[in-house]
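Colleague: I should be grateful for a close look at the ligand surroundings in this model. Please give one connected account, beginning with the smaller details and moving outward.

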Amino acid sequence: MNNQSTRKYKHVCPRNCPSACTMISYIENDQVIHITGNVTHPYTGGKLCAKGFSYIQQNYHHERLKYPYYQKVKGSGNFKRISWEKAYEIMSNELQKIQQQFGSFHPLALYKGMGNIGLHHYVTDNFFSSLNGTRIVGTSSLLNSTQRFNSMRKSKRTDPATFVYASIVIIWGANPAGSNIHLIPFIIEAKMKGAKIVVIDPIRTKTVELSDLFIQLRPNTDGALTNIMIKTLLESKKFDMTFIKQHTVGFSAFSNKLKDLNIDDALKECDIPREALDLLLNWLVAAKVVSYIIGTGIQKHADHEENLLAIEALAVIRGDIGKKGGGIFSKFNYKGLCTNSFPHESNKNNQMIYLNELSYYSSLREQLPIEMLWISCANPLIQEINPNMFKKFMQDVPFVVTVDRFMTPTALMSNLVLPTTTHFEETDIIISNWHGEIALNEKAISPFYESRSEWHIITELAKELSEHFPVTSSFPIYSTEEEYLISQFNEQVCDRYSITSLYELKERLNSFTLSELLELNQQNKIKSDKYYFDFNIVFENDMHSKSLAQGPTPEFPFWLITPHHPYTLNSQFHYLNLSDEKEACVSIHPKAAEELGIFDGEVVRVFNKQASLEIKVLYSSHVPKDIVMIYQGWYPNSDVIINNLISEQQSMTIESPSNHSIAFYDTFVNVEKI
Ligand SMILES: Nc1nc2c(c(=O)[nH]1)N[C@H]1C(S)=C(S)[C@@H](COP(=O)(O)OP(=O)(O)OC[C@H]3O[C@@H](n4cnc5c(=O)[nH]c(N)nc54)[C@H](O)[C@@H]3O)O[C@H]1N2
Ligand SMILES: Nc1nc2c(c(=O)[nH]1)N[C@H]1C(S)=C(S)[C@@H](COP(=O)(O)OP(=O)(O)OC[C@H]3O[C@@H](n4cnc5c(=O)[nH]c(N)nc54)[C@H](O)[C@@H]3O)O[C@H]1N2
Ligand code: SF4
Ligand SMILES: [Mo]
């Protein structure tokens, strides 16, 4: 690495992962020859996960897309390599046709996923929102990734590194050992400082190995468990009355209502042993300060709102909010911080399309004509609820463009596939959705073959359009990626991160230190003036969860939980086979399997009304008898598409993308021998 011609660049991993690791690349002859973590990073300490260390392999993978491809018939596989000029001509013609026929861009739709969370990549949202009338598909990744809790909670979030000072750390609906690995050293530190670690999850995950207490509850019953916890605190007079008086309203009505709660009934609903509950309650009553690390597991259920609000009420009653080491730690989104983040929400002419609308799209076509669909940073034919439905939608739309780096199942169903760059090949800014840091990603090498950065793809398209349709778009055309990114820095972001320009990020990689964040939170213990105890919401799940009512049935007796895989990132990294598993497996409790006469390693049928798939069985006592687990993601060596089992009905309640979530984990299936 000491070769004089070796150059070093700073990067940030742009995956939708809480860590947002910073890394250094070593470049020779325009090639990445080595990468390391950046040891100056306060949260990750320079450690990368297996995926991070595989980036060189990914960058030069033989299946990486090199050129633009076009096919007339979607899914035919008859792709022809074409030039970028030809690609722009085709796109521009399609847009012109739409404009001429409809007089607006209403029949143009954008589906933007979470494949890359960098600010650079909002260029696509920015451009399409600027075309009058474009429709935005409310993707499930948008709904689930932006951490539902963040959008509805009333208390301030806290810096995740400070929970080491807690007396109890409750890891709730999260599996950081798989999905947030840089949290693990902090959990160990908390434990060494004397904290009790509690994991609340229906599945015995890897994270449970670090815990002092594991509460294995029935899915979607977190609210009932929390109500028991609150009631116990109130009865033992272990709550922070000073905090409640200063910062909240509605407490007396709320506590009166809680008197009606029958603990035995609630306990039955959660299906947890009395001994486990008693231990938790004893600790809770004695604890000075509790921190709550909330994952996305809870929000992937129908009753997530009540369940999450109950947890927040618990933290408020205990007065944990704003205390050193206390409070709620959850993902947040930096919506609105930079000029182009979520621009479609500011353009009143854009309209959202909801996933449940797509399921009857064919019949809606007259009111909702969609002539062109642009897909970026997304693989909906794997990750979306009911990909079969989404595939039909893609077939119905006359012209589909996908921008990606690999020929994914989604790209295969597109007319035009445009190859794009990696974080080594483009400039970007990444704002972590977890630890609150902002960092610059430098461009280190030229784009792979003919791939282009998304800024480049969009800017050329905008230029092409401006020649054909004067004044249709307000999209800002700059001559470099850097200039474009600089223009995204508004006052809000500069204030928040105490910077004046993008250039400062070059010098100070992390401009938002952890202690600054803590102080900020102490000053603003509660975001609005007062926290309001919305007891109606908290008691909505009072013994009668909506989805439990439609829960497991004799016909479909198993919950299907499909959490995130430790060695992939949603549908990414599958090519690299980083884990030993080469195929999808369904984990089932040995006793449940034996009752069905199913052996370990056998291929079985997992099915519900919507779909059926054949998959290998893995005996596991980590799942309870009424849950089966399959890791979500893409299994390119097999035909298994897990999400075909997940219904779009789960999104029926969606009215506004920032206010709802998708109940991925309220899926019920049966398992049988083939
Ligand atoms: N390695 C890796 N890391 C990732 C990702 C990845 O794919 N791979 N994806 C990233 C993304 S996009 C996200 S959103 C996050 C997701 O990461 P996490 O927030 O950890 O979310 P999940 O894996 O969906 O589920 C977490 C846990 O919730 C549990 N759970 C399910 N239902 C319930 C319930 O009703 N109550 C409780 N208490 N627990 C429940 C599940 O069993 C699971 O163990 O991870 C990010 N990091
Ligand atoms: N069953 C089940 N399904 C789930 C979930 C679950 O828990 N269970 N979780 C949901 C959640 S939380 C999320 S966030 C979604 C994630 O689902 P998606 O939003 O689809 O995200 P990814 O699979 O990470 O990435 C999608 C594509 O983006 C591409 N990509 C990567 N970088 C870039 C880039 O720079 N530019 C472009 N144009 N493309 C790029 C990748 O190659 C990949 O093909 O999945 C959801 N689906
Ligand atoms: S995937 Fe997450 S943990 Fe792995 S390198 Fe990227 S940011 Fe770090
Ligand atoms: Mo996500």
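Modeller: In this predicted model, ligand 3 is surrounded by Cys-13, Cys-17, Ser-19, Ala-20, Cys-21, Cys-49, Lys-51, Gly-52 and His-182. Divided by class, this shell comprises 5 nonpolar, 3 polar and 1 charged residues. The nonpolar class takes in cysteine as well as alanine, while glycine is counted as polar.

Lys-51, listed in the shell of ligand 3, also leads to ligand 1: a polar side-chain atom of Lys-51 is placed 3.1 Å from a nitrogen atom of ligand 1. Two backbone contacts may be set beside this one. A polar backbone atom of Thr-296 lies 2.7 Å from an oxygen atom of ligand 1, and a polar backbone atom of Pro-566 lies 3.1 Å from a nitrogen atom of ligand 1. On its own, ligand 1 has 920 Å² of accessible area, and the protein covers 97% of it.

The surroundings of ligand 1 consist of 34 residues, of which Ser-179, Asp-201, Asn-220, Thr-568 and Tyr-665 are the closest. By class, that shell contains 13 nonpolar, 16 polar and 5 charged residues.

Thr-568, one of the closest residues to ligand 1, provides a link to the internal space of the protein. The structure contains 5 cavities of 30 Å³ or more, and the largest cavity encloses about 180 Å³. Its lining is made up of 16 residues, and those closest to its centre are Thr-568, His-574, Glu-581, Trp-634 and Tyr-635. The lining of the largest cavity divides into 8 polar, 6 nonpolar and 2 charged residues.

Two backbone details complete the account. Asn-577 is not a glycine, yet its phi is positive, at about 45°. Asn-577 belongs to the loop between β21 (558–561) and β22 (585–588). With a relative accessible area of 36%, Asn-577 falls between the 20% and 50% limits and therefore counts as partly exposed.

Cys-377 likewise has a positive phi, of about 55°, although it is not a glycine. Cys-377 is located in the loop between β15 (372–376) and α17 (380–383). Because its relative accessibility is 11%, which is under 20%, Cys-377 is classed as buried.

Notes: Residues numbered from 1 in each chain as written. Chains lettered and ligands numbered in written order. Predicted model: local features only at pLDDT ≥ 70, side-chain atom pairs only at ≥ 80, totals over all residues. Heavy atoms only, no water. Near = heavy atom within 4 Å. Polar contact = N/O pair within 3.5 Å; in protein donor to acceptor, adjacent residues only side chain to side chain. Areas by Shrake-Rupley, 256 points an atom, 1.4 Å probe, with all protein chains shown as cover. 1 Å grid on protein atoms, 1.4 Å probe; cavity = no way out; pocket = protein on both sides within 12 Å on 5 of 7 lines; lining within 4 Å. Points joined across faces, edges and corners; volume = space filled by probe spheres on them. Helix = DSSP H or I, 4+ residues; strand = E, 2+ residues; numbered from the N terminus. Buried < 20%, exposed > 50% of the residue type's maximum accessible area, 1.4 Å probe, protein only.
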